[in-house]
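Biologist: Could you take me on a close look at the sheet in this model, strand by strand? I am in my first year, so please explain each term as you go.

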Amino acid sequence: MAEITVQRRQMPERLEAAQRPLRAAMDAHKEAAVVVESLTKERKGFERELETHEAHIEKMKGRTAEIKTNKEYQAHLFEIELASKKKGEIEERILGVMEQIDSVQQRLKEAQAKVGEAERAFAQEKQSISEQEARLAAELLELEARHEAATKDLPPDLLGRYMKLKTQRKERALAALRAGICQGCRLQLPPQLVAEVKRSDELQTCGYCHRILYWEGELPTEVPAAMRASQDHDDEVGESV
């Protein structure tokens, strides 16, 4: 029951951990989308600037026939040349931004694929956690019923002692005794106490963590027939003496 309770408490943490890759993928996708949007706005701005500049150049060319002196004509051609040079710079900027957009759009596409993978993985893990939660809940109900049936006939003082230990020791009122070591506190116990727990004549508790001890291993068996015969013979000899 305690183990199931701990596992159920860990479910939200497991769900949170399963969701982290999905959130990371969605953040990466959102970041790439924002960059694409920003670059697209920048490209459109350059395109509007280019249209305005081209219209200005055409207007300048239209005034060429109105120029009367050679000096003014040369100055006008130079102005058109400068404007055309600036037009080329704007076009280069547009091309540069378009290359950046292509690169980020590729990143956006990869990020979208990762979001899809993360969504599928999260859905599977969420389903697995949900199914495990249902199994644990059903198992816990069964164990609680068995626990109630097992404790209803216990002497009140013993049940009270058990419940008090359960509260003090975080649901672990009992501890197995294995190889002379209490499995509750992991400390070595005196041989005499180990022998008493092994005999199971009465309840014994760990002197360190105070949990109720139970023997985990083979219980003492009856004395073999050959040994009993030898003991009977020794007893007969002793009586004759």
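Modeller: Here is a walk through the sheet, with a little of its surroundings before and after.

This is a predicted model, so local features are used here at a pLDDT of at least 70 and side-chain atom pairs only at pLDDT 80 or more, while totals for chains, interfaces and linings use all residues. Residues are numbered from 1 along each chain as its sequence is written, and side-chain values use heavy atoms, with hydrogens and water left out.

Let us start with the setting. The chain has six helices and four strands; these are DSSP runs numbered from the N terminus, with helices being H or I runs of at least four residues and strands being E runs of at least two. Along the sequence, the pattern reads α-α-α-α-β-β-α-β-β-α. The chain is more spread out than a compact globule, because its radius of gyration is 43 Å, well over the 18 Å that the globule rule gives for 241 residues. That radius is taken over C-alpha atoms, and the rule is 2.2 Å times the number of residues to the power 0.38. The C-alpha trace spans about 155 × 40 × 30 Å along its principal axes.

Now to the sheet itself. It is an open sheet of four strands in the order 2-1-4-3, with mixed pairing. Strand 2 (181–182) and strand 3 stand at the edges with a single partner strand each, so one side of each is left without a neighbour in the sheet. Two strands count as paired if DSSP finds at least two bridges between them.

Take strand 1 and strand 4 next. Strand 1 covers residues 174–178 and pairs with strand 4 in the parallel sense over four bridges. You can follow this pairing residue by residue: Leu 174 stands opposite Ile 212 in strand 4, and Ala 175 stands opposite Leu 213.

Strand 1 also pairs with strand 2, here in the antiparallel sense and over two bridges. Leu 177 has Cys 182 in strand 2 as its bridge partner. These two strands form a hairpin with two residues between them, and Ala 179 in the turn has a positive phi of about 55°. That sign deserves a second look: most residues other than glycine have a negative phi.

On the other side of the order, strand 3 and strand 4 run antiparallel and are joined by two bridges. Gln 204 stands opposite Leu 213 in strand 4. Leu 213 is also the residue that stands opposite Ala 175, so try finding it on your screen as a meeting point of the two pairings. Strand 3 and strand 4 form a hairpin too, with six residues between them.

The turn of that hairpin holds His 210, in the loop between strand 3 and strand 4 (212–215). His 210 is not a glycine, yet it has a positive phi of about 65°. His 210 counts as partly exposed because its relative accessibility is 42%; buried means under 20% relative accessible area, exposed over 50%, and partly exposed in between, using a 1.4 Å probe and protein chains only.

Just ahead of the sheet's strand 3 there is another residue of this kind. Ser 200 lies in the loop between helix 5 (191–199) and strand 3 (204–205). Ser 200 has a positive phi of about 60°, although it is not a glycine. With a relative accessibility of 46%, Ser 200 counts as partly exposed.

For a view away from the sheet, turn to helix 3, which covers residues 70–151 and includes Gln 132. Gln 132 counts as buried because its relative accessibility is 17%. Leaving aside neighbours within four places in sequence, Gln 132 is in contact with Gln 7, Met 11 and Arg 14, where contact means heavy atoms within 4.5 Å. Ala 113 also lies in helix 3, and Ala 113 is partly exposed, with a relative accessible area of 41%. Ala 113 and Ala 25 are 88 residues apart in sequence and 9.0 Å apart in space, C-alpha to C-alpha.

Finally, back to the whole chain: buried residues make up 22% of its 241 residues. Of the contacts with a separation of 6 or more, 64% are between residues 24 or more positions apart.
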